[in-house]
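Thanks for taking a look at this model with me. Here are some notes to help you find your way around.

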Amino acid sequence: MDAQNSAKVNTRKRRKETLGPNGATEEDGIPSKMPRCAIGLRQPAPFSDEIEVDFSKPYVRVTMEEASRGTPCERPVRVYADGIFDLFHSGHARALMQAKNLFPNTYLIVGVCSDELTHNFKGFTVMNENERYDAVQHCRYVDEVVRNAPWTLTPEFLAEHRIDFVAHDDIPYSSAGSDDVYKHIKEAGMFAPTQRTEGISTSDIITRIVRDYDVYARRNLQRGYTAKELNVSFINEKKYHLQERVDKVKKKVKDVEEKSKEFVQKVEEKSIDLIQKWEEKSREFIGSFLEMFGPEGALKHMLKEGKGRMLQAISPRQSPSNSPTRERSPSPSFRWPFSGKTSPPSSPTNLSRHKSAAYDIRYSYLEQNKFGSYVLLAQVQPGLTKNDAYGPQSQQGGHTKESVDP
């Protein structure tokens, strides 16, 4: 696994090192880096009627070979590009950029048609002519702007503005009863083709607006525009307000759902943590319990030791079988307990008396000998002492540790 992970990391590193600006690769055409400079355009492009032209000098148009090879700085190649430029977008800017870069030394003139011509030959525009003039003026590739440009280029117009080449996309542009309004320009060898930017055009933008008209109308109503300004009927206005409220409720419900999901996720994470901690603690508790109360636990050993001690205390050890017998000195006289007469223990009369008296014994006096066994010293009735059991012999120094046979 470590080798695979390291290989993946190295692959990502190599891929990152080979990428250019914004993730571009060599196949995409990485542009060469340019030195940073603070020089740039500070003013919009001027209008053609605001520029003084010296008509005393004759104007000679350059050929395509001369323009491609490069002209002197004082004699740039004058390239003309025209259009409506409604809702000025990146497609327009890219077309003008291509026209500006057709030749090494290019002076770009852009003609913008008026509202009257556009409405007559193409249709209604979103932006008026002044807005379209201003948008083109602020494009960085434009050197000069021609207001109220003609729909069809005439030789007089080309001579007036001293135009060398006309830049436009190569697709035939049919309008004003002609299959291609640039046909005569192409035949004269003054046409320089450019490429259209796919995926964006003024018609596409208008189509998006029409498709999402309700969304834009609701948004503008919310921003403060009136229904009259938006050309929205009273019923549609109420419908849009109702939809706006419904969307707010949906948004609130969605927010509550997201918050509830986050809460549930947090609870699940905490519950998992608690379960893991509980499992760890339970393992510790079970281990401690087994150590204490298990089959080989400490409690069993304690009980075994206590049981052994109790058995040892209750059942003393037996005397060894080869232990020497103890010799007792014969007593001249023996006094039976609870009796004042002395008689030999072998007498049948005294034996019967002794057996009858054994039922009245209540207290016994024991003493442990040197072999660990307990011997009966005396047995007396309640109220009598040990000396009373042995009689006068115990007081005269007789044998006090002899057992009395009941």
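The points below cover the sheet, its helices, a helix pair and two pockets.

1. Before we start: this is a predicted model, in which local features need pLDDT of at least 70, side-chain atom pairs count only at pLDDT 80 or more, and totals for chains, interfaces and linings use all residues. Residues are numbered from 1 along each chain as its sequence is written, and side-chain values use heavy atoms, with hydrogens and water left out.

2. A good place to begin is the open sheet, where five parallel strands follow the order β3-β2-β1-β4-β5. Strands here are DSSP runs of E with at least two residues, helices are runs of H or I with at least four, and numbering starts at the N terminus. Two strands pair if DSSP finds at least two bridges between them. At the edges sit β3 and β5 (191–194), each pairing on one side only. On average, neighbouring strands are turned by 30° against each other, direction ignored.

3. Look next at β2 (residues 106–112), which runs parallel to β3 and is joined to it by four bridges. Val-110 has Val-145 of β3 as its bridge partner.

4. Two helices are worth following along the sheet. α3 lies across β1, β2, β4 and β5, at about 145° to β2. α5 (residues 129–137) touches β2 and β3, and its direction makes about 165° with that of β2. Angles run from 0 to 180 degrees between N-to-C directions, and axes are lines fitted to C-alpha atoms, for helices over the stretch in contact.

5. Further along the chain, the axes of α9 (residues 213–223) and α10 (residues 234–293) come within 10 Å and cross at roughly 85°. That makes α9 roughly perpendicular to α10, a term for angles of 65 to 115 degrees. In contact (heavy atoms within 4.5 Å), α9 residues including Tyr-213, Asp-214 and Arg-218 meet α10 residues including Glu-237 and Tyr-240. This contact has four nonpolar, two polar and five charged residues.

6. Now for the largest pocket, with about 880 Å³ of space. A pocket is an open set of points on a 1 Å grid over the protein atoms alone, where a 1.4 Å probe fits, with protein on both sides within 12 Å along at least five of seven lines; lining residues have an atom within 4 Å of a point. Its volume is the space filled by probe spheres set on the points, which are joined across faces, edges and corners. There are 37 lining residues, with Ile-84, His-92, Lys-122, His-168 and Arg-196 nearest the centre. α3 gives the most to this lining, five residues.

7. Finally, the second largest pocket has a volume of about 570 Å³. Among its 20 lining residues, Val-53, Asp-54, Arg-78, His-161 and Arg-162 lie nearest the centre. Strand β3 (residues 144–147) supplies the largest share of the lining, three residues.

Terms used. Parallel < 35°, antiparallel > 145°, perpendicular 65-115°, else oblique. Nonpolar A, V, L, I, M, F, W, Y, C, P; charged D, E, K, R; others polar.
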